[in-house]
Amino acid sequence: MAKTIISVKNLVKNYGHFEAVKGISFDVYEGEIFGLLGPNGAGKSTTLEIIETLRAKTSGEVIVDGLSLDEKPNEIKKIIGVQLQTSGYYPGLNLVELIELFSGLYNRDVDPMELLESVNLKEKAKSQFKQLSGGQKQRFSVATTLINQPRIIFLDEPTTGLDPQARRSLWELVLQIRKKGTTVIITTHYMDEAEYLCDRVAIIDSGKIVALNTPDKLIDNLVASGFERVKEVKKANLEDVFINLTGHELRGE
Ligand code: ADP
Ligand code: MG
């Protein structure tokens, strides 16, 4: 039986009279990639930011690795990795200097080149953040979540706006991070991404969880209910064509 590392019970978040999160409950198991899926405005970021201790909840209970969010937020901060706002990426500093700055803030001894290598950005060590491509920016942002050697990392739409190669490159990075035992919580609205990456997903709609299971089981349940696709599925799709024409190699971009 997998160990629960995050437990959320009856979580509610109101913004004034608006109920953004309406009493959701879910557990995340240690070492899994857990997806929060849902349309824009569903409450994904709000939920993540509450668990990350960055936003106050209205009510409910959140336990992270046995630590209560109400009682031990600072202890929780030490074991989680959060993507920093890109506004914090001082424009004058290069990637190595940024990592040195952040590791100083976290009071951790990190080898910047080793960290950059792990996200395939070694050759960009002396570049500034603004000089990176979209995919490189996202990989750097993921690298910053790893600086404090966290048990759990939170990725909020890390692949939104990326081209197919950059997206795949980020997927491989996420798998690599999980392989080292880190638990990953990720939000996305790309279902192919969730299917490829996530062990389990919670689908959120208007602040409520409408389904929670493995992607495989959710699909099986839908099929068992008599659902059939309207269109005959071809053996490839347009994205396969694109990847085939523009290279299988996961580039550094
Ligand atoms: P998602 O990440 O799933 O797109 P969010 O958690 O960002 O959704 O937002 C959920 C809902 O809460 C949205 O309707 C959004 O407009 C609203 N919301 C988010 N942040 C605030 C805020 N600071 N003040 C008021 N409403 C907010
Ligand atoms: Mg969001």
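Reader: Which elements each supply at least two residues of the shell around ligand 1?
Author: Those are β2, residues 18-29, and α1, residues 44-51. Keep in mind that this is a predicted model.

Reader: And where does the largest share of that shell come from?
Author: From α1, with 3 residues.

Reader: Which residues surround the ligand, then?
Author: Going along the chain, ligand 1 is surrounded by Tyr-15, Phe-18, Ala-20, Pro-39, Asn-40, Gly-41, Ala-42, Gly-43, Lys-44, Ser-45, Thr-46 and Arg-55.

Reader: How do they divide into nonpolar, polar and charged?
Author: The shell has 5 nonpolar, 5 polar and 2 charged residues.

Reader: What lies 3.4 Å from a nitrogen atom of the ligand?
Author: A polar side-chain atom of Tyr-15 does. The backbone takes part elsewhere: a backbone N or O atom of Ala-42 is 3.1 Å from an oxygen atom of ligand 1, and a polar backbone atom of Lys-44 is 2.8 Å from an oxygen atom of the ligand.

Reader: How much of ligand 1 does the protein bury?
Author: The protein buries 61% of the 560 Å² that ligand 1 exposes when taken alone.

Reader: Okay, new topic. Is strand β3 enclosed or left open?
Author: Strand β3, residues 33-37, is largely enclosed by the rest of the structure, because 5 of its 5 residues are buried.

Reader: Which residues sit on which side of it?
Author: Ile-33, Gly-35 and Leu-37 are on one side, with Phe-34 and Leu-36 on the other. Both faces of β3 are covered, and these residues are all buried.

Reader: Which strands is β3 joined to?
Author: One is β8, residues 183-188, which runs parallel to β3 and is joined to it by 5 bridges. Another is β9, residues 200-205, also parallel to β3, with 4 bridges.

Reader: What stands opposite Phe-34 in β8?
Author: Ile-185 does. In β9, the bridge partner of Phe-34 is Arg-200.

Reader: Back to β2 for a sec. In what order do the strands of its open sheet come?
Author: The order is β2-β1-β4-β5, 4 strands with antiparallel pairing. β2 and β5 stand at the edges with a single partner strand each, so one side of each has no neighbour in the sheet.

Reader: How many bridges pair β4 with β5?
Author: There are 2 bridges between β5 and strand β4, which covers residues 59-64. Val-64 has Leu-67 in β5 as its bridge partner.

Conventions
Residues numbered from 1 in each chain as written. Chains lettered and ligands numbered in written order. Predicted model: local features only at pLDDT ≥ 70, side-chain atom pairs only at ≥ 80, totals over all residues. Heavy atoms only, no water. Buried < 20%, exposed > 50% of the residue type's maximum accessible area, 1.4 Å probe, protein only. Pairing = 2+ DSSP bridges. Near = heavy atom within 4 Å. Polar contact = N/O pair within 3.5 Å; in protein donor to acceptor, adjacent residues only side chain to side chain. Areas by Shrake-Rupley, 256 points an atom, 1.4 Å probe, with all protein chains shown as cover. Nonpolar A, V, L, I, M, F, W, Y, C, P; charged D, E, K, R; others polar.
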